[in-house]
Amino acid sequence: MSEQTELESGSSGFVFFLYRIKWAVSRLLFLVLLFFVAISGGLVLYILGPIFTYALFRDFNHLRYRHYFWPMSAMLWKGAKKWLTDKAYREAFVIPMTSPPMHSPDPSRVKLSEEWTGDIDNCGGCVNCCEQLGCPLLDKESMLCPCYGSFYWSYFSCGRYPVSNAHARYYDCKKWVVIEDPR
Ligand code: SF4
Ligand code: SF4
């Protein structure tokens, strides 16, 4: 049984507790890796790259993605600076370490905006949040995310965006309205 199916079928409290530990440890390890990516200017990825590229692209062939190594490091430094200097940015990112991976925003907390005329399943060509974040992963030709559905995408902000009104406002999302902020 897959993790998602097991959760949807109502796992016991103990199983859910074990999942929470798994999610928190996975996030923590990845954040440690990001720390080393940032301080090494991406050079650490010539050694640990297969873990990194599997987490992002589901591909262990890290050298295929070496053009991302330095831009990812630069983005991490920019993100750290924003985190320290921009209160709105800090408030926008509230993801508990023990929260489950998600591939879409929580349907009990969001609704489509009245001004949104597109589909519910895609963003109709909008890449506002990716561009404002300055994400180096966004494919500028296809305007698609190359790590859609990956570990990075589902464990961190992208898959669950927006998690709060502050999160939606920060990237000026025209699609989602958050009806219930996380407590
Ligand atoms: S959805 Fe993809 S391209 Fe957009 S910010 Fe996330 S990782 Fe970057
Ligand atoms: S800002 Fe909203 S509509 Fe635009 S890409 Fe992000 S989630 Fe989709």
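Begin the tour at ligand 1: by class, its shell holds nine nonpolar residues, with no polar and no charged residue among them. The model on display is predicted.

**The surroundings of ligand 1.** Select Cys 130, Leu 133, Cys 135, Leu 137 and Leu 138, then add Cys 145, Cys 147, Trp 153 and Cys 158; these are the residues around ligand 1. Cysteine recurs in this selection, at positions 130, 135, 145, 147 and 158. Leucine appears at 133, 137 and 138, and tryptophan at 153.

**The chain as a whole.** Next, display the chain as a cartoon. Nine helices and two strands should be found. Followed from the N terminus, these elements run α-α-α-α-α-β-α-α-α-α-β. The radius of gyration is 17 Å, close to the 16 Å that the globule rule gives for 183 residues, so the chain is as compact as a globular protein of that length. Reduced to its C-alpha trace, the chain spans about 45 × 40 × 35 Å along its principal axes.

**Confidence.** Now colour the chain by pLDDT, for which the mean is 90. A value of 70 or more is reached by 93% of the residues. Select residues 3-8, helix H1, where confidence is lowest, at a mean of 60. Then select residues 45-57, helix H3, where confidence is highest, at 97.

**Packing.** Finally, turn to the interior of the chain. Of its 183 residues, 22% are buried. Among contacts between residues at least 6 apart in sequence, 67% join residues at least 24 apart.

Note on methods. Residues are numbered from 1 along each chain as its sequence is written. Chains are lettered from A and ligands numbered from 1 in the order in which they are written. This is a predicted model: local features need pLDDT of at least 70, side-chain atom pairs count only at pLDDT 80 or more; totals for chains, interfaces and linings use all residues. pLDDT is the predictor's confidence in each residue, from 0 to 100. Helices (H or I, at least four residues) and strands (E, at least two) are DSSP runs, numbered from the N terminus. The radius of gyration is taken over C-alpha atoms; the globule rule is 2.2 Å times the number of residues to the power 0.38. A residue is buried if 20 or more other C-beta atoms lie within 10 Å of its own, exposed if 12 or fewer, and partly exposed in between; C-beta atoms are placed from the backbone. Two residues are in contact if their C-beta atoms, placed from the backbone, lie within 7 Å. A residue is near a molecule or strand if its C-beta atom, placed from the backbone, lies within 6 Å of it. Ala, Val, Leu, Ile, Met, Phe, Trp, Tyr, Cys and Pro count as nonpolar, Asp, Glu, Lys and Arg as charged, and the others, Gly among them, as polar.
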